[in-house]
Amino acid sequence: MRLSNALLATALMVAAAGCGSTGSTGSAEGGDIKVGILHSLSGTMAISEVTVRDAELLAIEEINAAGGVLGKKLVPVVEDGASDWPTFAEKATKLIRQDKVATVFGGWTSASRKAMLPVFERNKALLWYPVQYEGLEASPYIFYTGATTNQQIIPGLDYLKEQGKKKIFLVGSDYVFPRTANKIIKAYATANGMEVLGEEYTPLGHTEYSTLVNKVAQAKPDAVFNTLNGDSNVAFFKQFKSAGLTAEAMPVLSVSVAEEEVTGIGVDNIAGHPVAWNYYQTTATPANDKFVAAFKAKYGAQKVTSDPMEAGYNAVYLWAEAVKKAGTTEVEAVKKAAGGIALERPEGLVTIDGENQHMYKTARIGIIQTDGLIKEVWNSGQPIKPDPYLKGYPWASGLTAG
Amino acid sequence: MNKTDVMNKADVMKKADVMKKAIYPILVGLLVVAAPFLMDAFRLNLLAKYLCFAIVALGIGLAWGQGGMLTLGQGVFFGLGGYSMAMYLKLQEGGLPDFMVWSGVEKLPALWTPFANPVFALATAILGPMLLATLLGLLVFRQRVRGAYFAILTQALAAALVILLVGQQGLTGGTNGMTNFYDLFAWDLAEDSTQRGLYFVVAVVLALLYLGARQLVRSRYGRLLVAVRDGEDRVRFLGYDPATVKTVTFAISAGMAGLAGALFVPVVGIISPALLGVVPSLELVVAVAVGGRYALAGAVLGAVVMGYAKTAFSEQFADGWLYLQGALFILVMTLAPKGIMGVIKRARTA
């Protein structure tokens, strides 16, 4: 009978855990506003997404220290998306229906956003998505605080064109962001007299790049446009370097490599290559000095800040501002109030476009330095109006039809 | 004591026996019917999801617990069922499915066209996996591949299917899979009433499959199956063909997984390669082991308990829930190698 007692204890433990979770049902008591934070804390995406969660928690802490929103404190409810898209949908439902959070900050991969989109639309709840993505989307229940394609990919191409790079080679992970990005790049190339010498995809998590690097070396492009994600970058840049290819002769422009990833890839392998984002740890704004100092104070001096982290950090402030303006956390009112809100953020002035719920953002091209940080070498001069469907680009008209 | 008294006593004994036997099914039945009144729509939806997994687990219980075939690739069959249903649901919206638009596909691929028909989609969801399992079974069991080799083979199949699905983005939605479904036979999937209905459908399907599987195990064929598990060569010497016996069971378990996949998609609202790879396939085998693989009820119980534990742990401890889930598995396996059902059986006989 000893065994069954132990088992009973286990069963009770499980039940207790379950009761605990149902016990927290209901809206926030008294002076609190619950907000959801939903990123992968386990699985392959955890390494990137945990940093965004940290930045969002920092923003919540700062806002609370300054008196909260509408006189109420923000209480974060953190859930783990586990790098698994169905889990993102499940946890989003839980945050909305059970915790009754006022809004959710979350997601990283396009797949996780696509999985959460129906949940937020059907429940008429609000999601703030902090990562640059492939565009061609404007859900009325999502605010996109990262760049859309005309604020990152197209400026990246403009930069290459300015540098006189006419022949390019496309390398990407096999999923929706690289494939859509490359579709746009090819249309841009045709319209701008550039030539795409090759287009190669590898599965997420792929680490064998000698064949691919050989192909690139033989094609002799002026530059490589890199949409690889995650670990693959480590292998790619290592093998690119050992094949004798250099940043001077053949720069690799990356759109998914930020400060956080540079450390993992190894500075030696990637220094000198360009990247395209809207924010770097070195971006010189008063708001950024404050952000970097606060982040290092809270999480450690060796930590770096990156574009998605900054976009997540901004999301909390932008939402709080919209709530203040609306005077309520009610979703439709917040959405209405959000349009036109402009804040000085670490990346510079960020304005919410009320029409498509994306942000006006300044595009910045940077070169990776030997200290692992990124130095800006080019920017768009002013914030670019978000254009997720690329309506303002005649050459892109074929992409969005359908 | 006269004759009628004795008869009465025997009758009473029989009645008590029947009562004792009936009490568990009645209790479970009551719980299933009461669930919608005890839980909110979100929790009920999660329960429906666990029950979908329980259907797969039932198939694993049959193949592994009774037939000794450790299948680590039930995700393949679950996925075939799920994708068939998802294709039907996607075609309900009219126009080209959303992910094809992003992927630059301009015309509906020929492979997709028949899936606009729900009968075809559902038939493919169940018969497709059965056919695949039959072919695989005939190929493999005739060569007397068993034990770890069979397990590895099924696992490799799951890994291969994931690569295939991810690589064909225009046809399958790639890593994203398919999501954002609206209607199932004109019922709005976002409505709580639709989800309640789906819950009952899943529960009834599970109950019927359970009763069918139990009948199968109790039949002569079932005894033969257990005999194959415990001494395949002896059964062969007796003049039976173990390959056929195993193939039939493997096909039935595959059909169950396919049907579970088809039910899972409208319940959960998404299908993606992540749901049918090696990890989810293993998770279900673990669930069956926790519940007790030698009893069909153990497989079902294990799937529900592990599904529930995953939800409860991850909600309570967003940071370290995976450790807790692992600890639960290790705890059960070391304290009760025959799983929860083994403990219940011992308690009953003690």
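## A walk through the two-chain model

For a chain of 402 residues, a compact globule should have a radius of gyration near 21 Å, and chain A comes in at 22 Å, so the two agree. Keep in mind as we go that this is a predicted model. If you lay the C-alpha trace of chain A along its principal axes, the spans are about 65 × 60 × 45 Å.

What is chain A built from? Its secondary structure adds up to 14 helices and 15 strands. Of its 402 residues, 52% count as buried. The contacts tell you something about how the chain comes back on itself: take the pairs in chain A that are at least 6 apart in sequence, and 70% of those contacts join residues at least 24 apart.

Let's zoom in on one strand. Strand 6 of chain A covers residues 167-173, and six of its seven residues are buried, leaving the strand mostly covered. Its partner here is strand 7 of chain A, residues 195-202; the two run in the parallel sense and are joined over seven bridges. To find one spot in this pairing on your screen, look for Ser173(A), whose bridge partner in strand 7 of chain A is Thr202(A).

Now turn to where the chains meet. Here 41 residues of chain A are in contact with 44 residues of chain B. On the chain A side, the elements giving two or more residues are helix 1 (2-23), strand 2 (73-80), helix 3 (85-98), helix 4 (110-123) and helix 6 (176-191). Which of them puts in the largest share? That would be helix 1 of chain A, with ten residues. Sorted by class, the side of chain A that touches chain B is a mix of 20 nonpolar, eleven polar and ten charged residues.

Last stop: a pair of helices in chain B. A packed pair like this is described by the angle between the axes and the distance between them. Helix 12 of chain B (residues 278-291) and helix 13 of chain B (residues 296-316) pack at an angle of about 115°, and their axes are 7 Å apart. The crossing of these two helices of chain B is right-handed. Who touches whom? From helix 12 of chain B, the residues in the contact include Leu284(B), Val286(B), Ala287(B) and Gly291(B), and they face a set in helix 13 of chain B that includes Gly298(B), Ala299(B), Leu301(B) and Met306(B). By class, this helix 12 to helix 13 contact in chain B has eleven nonpolar and three polar residues, with no charged ones.

Notes:
Residues numbered from 1 in each chain as written. Chains lettered and ligands numbered in written order. Predicted model: local features only at pLDDT ≥ 70, side-chain atom pairs only at ≥ 80, totals over all residues. Axes fitted to C-alpha atoms, helices over the stretch in contact; angles between N-to-C directions. Helix = DSSP H or I, 4+ residues; strand = E, 2+ residues; numbered from the N terminus. Left-handed = near helix turned anticlockwise from the far one by under 90°. Contact = placed C-beta atoms within 7 Å. Nonpolar A, V, L, I, M, F, W, Y, C, P; charged D, E, K, R; others polar. Rg over C-alpha atoms; globule rule 2.2 N^0.38 Å. Buried ≥ 20, exposed ≤ 12 C-beta atoms within 10 Å, placed from the backbone. Pairing = 2+ DSSP bridges.
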